[in-house]
Amino acid sequence: MVNGDAVFYSRLLTELTLSFHIIYATIGVGVPLMIMIAQWVGIRKNDEHYILLARRWARGFVITVAVGVVTGTAIGLQLSLLWPNFMELAGNAIALPLFMETFAFFFEAIFLGIYLYTWDRFEDQRKHFLLLIPVAIGASFSAVFITMVNAFMSSPRGFDLVSGELVNINPVLAMFTPAMPTKVSHVVVTAYMTAAFVLAAIAAFRMLRGSDHIYHKKALFLTMKLGLIFAIATAIIGDFSGKYLAVYQPEKLAAAEWHFETEGDASLVLFGLLEGEEVRYGLELPYALSILAHGNPRSEVIGLNDFPADELPPLYIHYLFDLMVTIGMALTLLSLIYVAAKWRGWKFIESRWFRWLIVLGGPLSLVAIEMGWWFTEVGRQPWVLRGIMRTEEAATTSGQVDLMLILFAGLYLILGIGSIVVLTRMFRRNPVEQELADREAERGGGRA
Amino acid sequence: MTLEIVGISVLWMFLFGYVIIASVDFGAGFFNAYSAFTNKEHVLTNIIQRYLSPVWEITNVFLVFFFVGAIGFFPKTAFYYGTALLVPASIAIVLLAIRGSYYAFATYGARISHKGYIYMYGLAGLLIPAAWSTVLTISEGGFIYLENGAPVLDYWALFSSPLTWSIVVLALSAVLYISAVFLTWYARKAGDDRASDLLRKYSLIWSVPTIVTATGIIVELRAHNEEHFANLIGLWWVFALSALLFFGTVFLLWKRRNYGMAFILLVGQFFLAFSGYGVSHYPYLLYPYLTLYDGFTNEAMAIALIIAFLAGFALLLPSLYLVLRLFLFDKDYVQGKSDYHV
């Protein structure tokens, strides 16, 4: 019954769809919070610039939301189209968070529509601000619920397994799995962090392009501050995630760290090349893995040799993990330096090279998101439901998945190019100086 | 009432919501393209955009609701429909994706007004209901067979069946009819009599194929699925009532009176016909493989889903009401005195 080609192409298509979707989804979760904060600061300080910041972010946000919505619909349906056997089994236990995710999405969609079409409609800006709260809550909660589904796949519970069937199901327990707290908080916080660094990159880029308006400076300082806060939160939660893995998914941690022998005083290896069981050219940090795993430099970490060979994930996830962590650390440092320099009045942060680093931070934070998700998902192989269902048992038996892969690849190409073209056009045609002048003229005209 | 019936009723409500809201959306795209084709776009484009822009995302949610709910309440549908529908559903997703993102790009971003795009947008809006309506045909049975225990869709049987094509035609004309009646009313509210008159004409034109194919399908089912046909006849009074409401809508449109009431009657007509069709399908989800009862989820999940559904609904109904008040029933907005767009 297993169709090898279908399994391979189904995995490829799911990876393609998710990799494309999470770029827009991450922005979709993070940016509403940024808009909300900007608008709040604008109201509090009675500063037109922050309000305009919120408005321009919101305008660009609509384009990313559109792509996020349609690719989200695609992955929602593909779960059943490509993995019918998985959904048939797991649907019994995880339908609740899946269903609640659509409610959160609905809630967000309604209030986003209202927010977008009520600009200047209310006399009181605070009323308009209130509409952003449900948008941000809806966006974050759809991430929370959908990550709960994903957490269930890593640490399924809330049922008993009796001859291949799930019985005695407890839907609430299935939502609150051991993987859930670290996963959900990591996803939400990194989305905020990514949104902050992407928006900071835009502000830095405008300044590099010669626009020296105070508006961009305010935008950059605000987003770098937020980026720093969320980067620190990410690092703390990342540490908890490592401790979770050590207890509940040791094979994933061991594969990520190329840790073969179960031993205490385990050291952490950064990058390097694997030759057999020997790591070469790697940077070794003594005791770091034991600390990451159990918070104690002497504690024992289970190694790869303790697992059956056919239950191990591919070892290349080491690079994904390292890249993700390295980018995270680099961005934390970058924003820390920026905020400290602002505070102490150091001038080098206004140099071109430093601004280019900030510009680089935007795409890098998206790369880190991709690396993190690939690490999570590939690190769970060969299971689709860890310990219960293998990936090849879950896939469809259809022979046409390869054609669908080409179809969707074409779609994502069009959407990707389309969204970039539209976004750049939108802001190039209407730079902030122009918009501020227009608003000034409008108001002047109103008074006269 | 058993949990199975509650579950299927909830799903049926989502599907009905999607049919009405998406019809307005798809039909509007088509009328917009058609008016561009006949160089009358200045009559309709404004009305259509003002209605669609704040709600386009909401339309999509109803669809997501339906299929997520279907997997939730009836996980076995994932096995049968998921395996068999890979190709048609993927095509529908791609069309939806292009159409949805194009709308956002054009409306909020680039303000593209190239006619080629407008035609494609209108055409895609007709292909999507055509693609989805094949699912209704498939559920009648006879198009899916099991091969080594896995369901396979017989494309030749599907595309050569007159039932398939009648359902496709019904879906298309119903989309255009529902959309035209709604927009007639909306244009009247906006005080745009030219748009309203044009749309009234479309409504009357599309009412004819809608009722003719709907009647024709009942007859065709007799040859295709006798059990279902017998059930349909048993519910004759539901369809008679639905037909009565249909004539009410047409009468009001003809007399140029009370378009709001005409639209309400139309919703009633489709609700009755849709529910009558659904009830007569009982107890099959996919004839003859899958019934409501053997595809149903466990009791704990069913109760959890129903509670989540009620809680979610309590949140959404007031929000939807707010949307209606701000955009549908707000004079200044409808008449386009100001669009307040970000």
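# Salt bridges, patches and buried residues in a two-chain predicted model

Q: With which residue does the side chain of B:D197 meet in a salt bridge?
A: A salt bridge is counted where a side-chain nitrogen of Lys or Arg lies within 4 Å of a carboxyl oxygen of Asp or Glu. In this predicted model, the acidic side chain of B:D197 has such a partner at 3.0 Å, N to O, and that partner is B:R256.

Q: How many residues apart in sequence are the parts that this pair ties together?
A: B:D197 belongs to helix α9 (residues 193-224) of chain B, while B:R256 sits in the loop between α11 (236-254) and α12 (259-281) of that chain. Helices (H or I, at least four residues) and strands (E, at least two) are DSSP runs numbered from the N terminus. Because B:D197 and B:R256 occupy these two places, their salt bridge joins parts whose separation in sequence is 59 residues.

Q: At which pLDDT do side-chain atom pairs count?
A: Residues are numbered from 1 along each chain as its sequence is written, chains are lettered from A and ligands numbered from 1 in the order in which they are written, and side-chain values use heavy atoms, with hydrogens and water left out. In this predicted model, totals for chains, interfaces and linings use all residues and local features need pLDDT of at least 70, whereas side-chain atom pairs count only at pLDDT 80 or more.

Q: Which residue has a positive phi of about 55° although it is not a glycine?
A: In chain B, the loop between α11 and α12 holds B:N258, whose phi is positive at about 45° although it is not a glycine. The loop also contains the Arg of the salt bridge with B:D197. The residue with the value of about 55° is B:R256.

Q: Is A:H49 buried or exposed?
A: A:H49 is part of helix α2 (residues 48-82) of chain A. Its contacts (heavy atoms within 4.5 Å), leaving aside neighbours within four places in sequence, are A:H213, A:I214, A:Y215, A:K218 and A:L436. Residues are classed by relative accessible area as buried (under 20%), exposed (over 50%) or partly exposed (in between), with a 1.4 Å probe and protein chains only. Because its relative accessibility is 16%, A:H49 counts as buried.

Q: How far apart are the closest N and O atoms of A:K218 and A:D47?
A: A:K218, one of the contacts of A:H49, forms a salt bridge with A:D47. The pair links distant parts of the chain, with A:K218 in helix α8 and A:D47 in the loop between α1 (4-45) and α2, 171 residues apart. Both residues are buried, and their closest N and O atoms are separated by 2.6 Å.

Q: With which residue does A:R380 form a salt bridge?
A: A:R380 counts as buried because its relative accessibility is 4%. The closest N and O atoms of its salt bridge are 2.2 Å apart, and the partner is A:E377.

Q: From which helix does the largest share of the nonpolar patch come?
A: Patches consist of residues with over 30% relative accessible area and no salt bridge, with nonpolar side chains (Val, Leu, Ile, Met, Phe, Trp, Tyr) joined within 5 Å and like charges within 9 Å; accessible areas follow the Shrake-Rupley method with a 1.4 Å probe, only the protein chains shown counting as cover for residues. The nonpolar patch covers about 890 Å² and includes A:L333, A:W346 and A:W353. Both α11 and α12 (352-378) of chain A supply at least two of its residues. The largest share, five residues, comes from α12(A).

Q: Which residues form the positive surface patch?
A: Lys and Arg count as positive and Asp and Glu as negative, His and the chain ends not being counted, and each charge is placed at NZ of Lys, CZ of Arg, CG of Asp or CD of Glu. One member, A:R209, lies in the loop between α7 (180-208) and α8 (214-248) of chain A and is exposed because its relative accessible area is 56%. The patch is made of A:R206, A:R209, A:R352 and A:R428.

Q: Where is the peptide bond that is cis, with omega near 5°?
A: The Pro concerned, A:P382, lies in the loop between α12 and β7 (383-385) of chain A. The cis bond runs from A:Q381 to A:P382.
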